[in-house]
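Colleague: I am new to this structure and would be grateful for a close look at a single part of it. Could you please begin with one residue and then place it within the wider picture?

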Amino acid sequence: MKKISFLFAAMMFAALGTGITPVTAGVAHADEAADKAAELAKKSVVRKEMVKPLTEVQELLEKKQYKEAQDKVNELNAFENKTAYETFALHRLNAVIASGTNNTDQLATAFEGMVSSEFLKDAEKLRLIEGLAGTYYNEKKYDQAILWAKRYLEKDNSNAQVKNMVARGYYLKNDFNSAIKQLNIMLAEDESAKRIPSEENLRLLASSYQQLKDNAGYAAVLERVVQHYPTREYWGDLIYRTEHKPGFSDRLRLDLYRLLLVTKNIDDAGQYVEMAELALLAGLPAEAKTTIDAGYASGLLGTGKEAAKHKQLRDRVYKQAAEDIKTLDAGETSAKNAKTGTGLVNIGYNYVINAQAEKGIALMEQGIAKGGLKSMEEAKLHLGMAYLQSGNRDKALEVFKSIQGTDGAADLARLWTYVRPAEAK
C-alpha cells in the first residue's frame, strides 16, 4: 500500500514557486481552459511579507529541523487576510512537516486542506488521497484507511489496489461481514468484465466466511477457487467438505473416490484398496485395475507390511478384469432383457471404462430411458462422467447441470464440471 514519504512531500514543497499548471482540456474547450488558468494564476499570489519566512521554512526543512519549521509555519498561520494560495502553501508545508515527523493525523489535516483547494488537478488530489489511505493502512489504522480509500473510490472507482485496501482493511479490523460485501462487489465486477478473479481475493473471501463459521459460504467460494486455481490442496478441501455435508449418501462413495483419484488426492494405500474393492463390488473390474495400477505407480501399494496383500488384490483384480472383457456381450444381452434399466446403465458404464465409450453411452441412455432405477440422479451422474471420459465435454456439462437432489449426486456433478478435460480421461 502506498505511503507518503518525506521525499514526496518535499517535491510538493519544491513546486510552490513554480506557479500553477493549467488544467488540461479538449480543443473545444481551449478558451475556457485558458480563462480558468489565467484566473488561477491571478489567485496564485504570495505577498512580500510571506516570501522571506517561507524561504526560511524551506531551509529548515532541507535540514530536517521540523520543530523549528513548525514554529515558523504556526507564525505564518497567524497572519491575517491570507490569500487562498498562501493558505494552500501552508497546508503543503504542514504536510511536509507531518511526513517528516510521522504525524499522520496532521498529514490528514494538511491533505484535507489541499484537496479542498482549487490549486491541484484532480489527478494530484487523487494521488494525495490514495497516499494517505495507504499511510493509514500501513500504520494499521484501518478505520481511517477505509475512510480515505472510499473517498478515493467516489472519484475513481477503477483502482483495484484501493478496492483491495478497503476489503483488507475490513478483514484486518475483524469486520468480516463488510469484507465479504466489498469482496463480492469486486468479484461481480470481475465477472461483468469477464476477468478471472485473483486467487488472493478468493482466498480472503473464503477466509472471511470461515471466520464467521459460515461453512456454506466457505464451500461456495472454494468451488470458485477450484474453477480458476485447481490445485491438489484446494480440490482435497472441497471434496472433503462435500463428503461431510449432511445427507451425503454412502452409496456414492465410489464416485467420491473417482474425484479424489483424478485430482490426485488419494494419499493413503488403504484408500486405493477400498476404491478397488468398491469397483469390484460395482461389477467394474476394469476400473479396479486402473485404481490398483495408479496405487502401484504412486508407490503407496506394493510396499511395507501390506505388500503381500496388495499383490494378492492385484492378482485378483487382473484376473477378474480379463474375465470381464470376455463376458461383456453376455452381460449386455442380460441387461437388455431385464425389466429395469439398471443393468443397461451398469453394463454401459463398463463398456465406457473398457474403451468402448460410444457403445457404452448408448446403452446407458437406453437404461435411463427404460427407467425403474434405484437412483435416477446417480445414473445421470455416471452418464455425465461417461461423456466426459469420451471427450464430449459439452454433453457432459449438460447432463451434470440437470442433476438434482440432496443426497450428494448433484454436488458431485457440479464438481465434475470443474475437472479439466485432461484429468477426466
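**From Asp411 to the pocket**

Modeller: Neighbours within four places in sequence being set aside, Asp411 is in contact with Thr242 and Lys245. The model is a predicted one, and what follows should be read in that light. Asp411 itself belongs to helix H22, which covers residues 409-416. Its relative accessible area is 13%, and because the limit for a buried residue is under 20%, Asp411 counts as buried. The side chain of Asp411 also has a polar contact, at 2.9 Å, with the side chain of Arg414.

A second residue, Asn350, may be described in a parallel way. Asn350 lies in helix H18, and its relative accessibility is 3%, so this residue too is classed as buried under the 20% limit. The side chain of Asn350 reaches the backbone oxygen of Gly283 at a distance of 3.4 Å. Gly283 appears again among the contacts of Asn350 beyond four places in sequence, together with Leu284, Asp324 and Leu328.

Helix H18 leads on to the largest pocket. Residues 342-353 form H18, and this helix supplies at least two residues of the pocket lining, as do H14 (253-262), H15 (269-281) and H20 (376-390). The volume of the pocket is about 530 Å³. Its lining consists of 20 residues, and those nearest the centre are Arg251, Ala282, Asn346, Glu378 and His382. By type, the lining comprises nine nonpolar, four polar and seven charged residues.

Of the helices that contribute to this lining, H14 deserves a further remark. H14 is mostly covered, with eight of its 10 residues buried. Among the buried residues of H14 are Asp255 and Arg258, along with Leu254, Leu256 and Tyr257. After H14 comes Lys264, which has a positive phi near 60 degrees.

The protein as a whole provides the setting for these details. It contains 23 helices and zero strands. Of its 425 residues, 45% are buried. When contacts between residues at least 6 apart in sequence are considered, 58% of them join residues at least 24 apart. The protein exposes about 22,000 Å², of which carbon and sulfur atoms supply 51%.

Key
Residues are numbered from 1 along each chain as its sequence is written. This is a predicted model: local features need pLDDT of at least 70, side-chain atom pairs count only at pLDDT 80 or more; totals for chains, interfaces and linings use all residues. Side-chain values use heavy atoms; hydrogens and water are left out. On a 1 Å grid over the protein atoms alone, a cavity is a set of points where a 1.4 Å probe fits but cannot get out, and a pocket is an open set with protein on both sides within 12 Å along at least five of seven lines; lining residues have an atom within 4 Å of a point. Grid points are joined across faces, edges and corners, and a volume is the space filled by probe spheres set on the points. Helices (H or I, at least four residues) and strands (E, at least two) are DSSP runs, numbered from the N terminus. Ala, Val, Leu, Ile, Met, Phe, Trp, Tyr, Cys and Pro count as nonpolar, Asp, Glu, Lys and Arg as charged, and the others, Gly among them, as polar. Buried means under 20% relative accessible area, exposed over 50%, partly exposed in between (1.4 Å probe, protein chains only). A polar contact is a pair of N or O atoms within 3.5 Å; within protein, one must be able to donate a hydrogen and the other to accept it, and residues adjacent in sequence count only if both atoms are side-chain atoms. Contact means heavy atoms within 4.5 Å. Accessible areas come from the Shrake-Rupley method with a 1.4 Å probe; for residues, only the protein chains shown count as cover.
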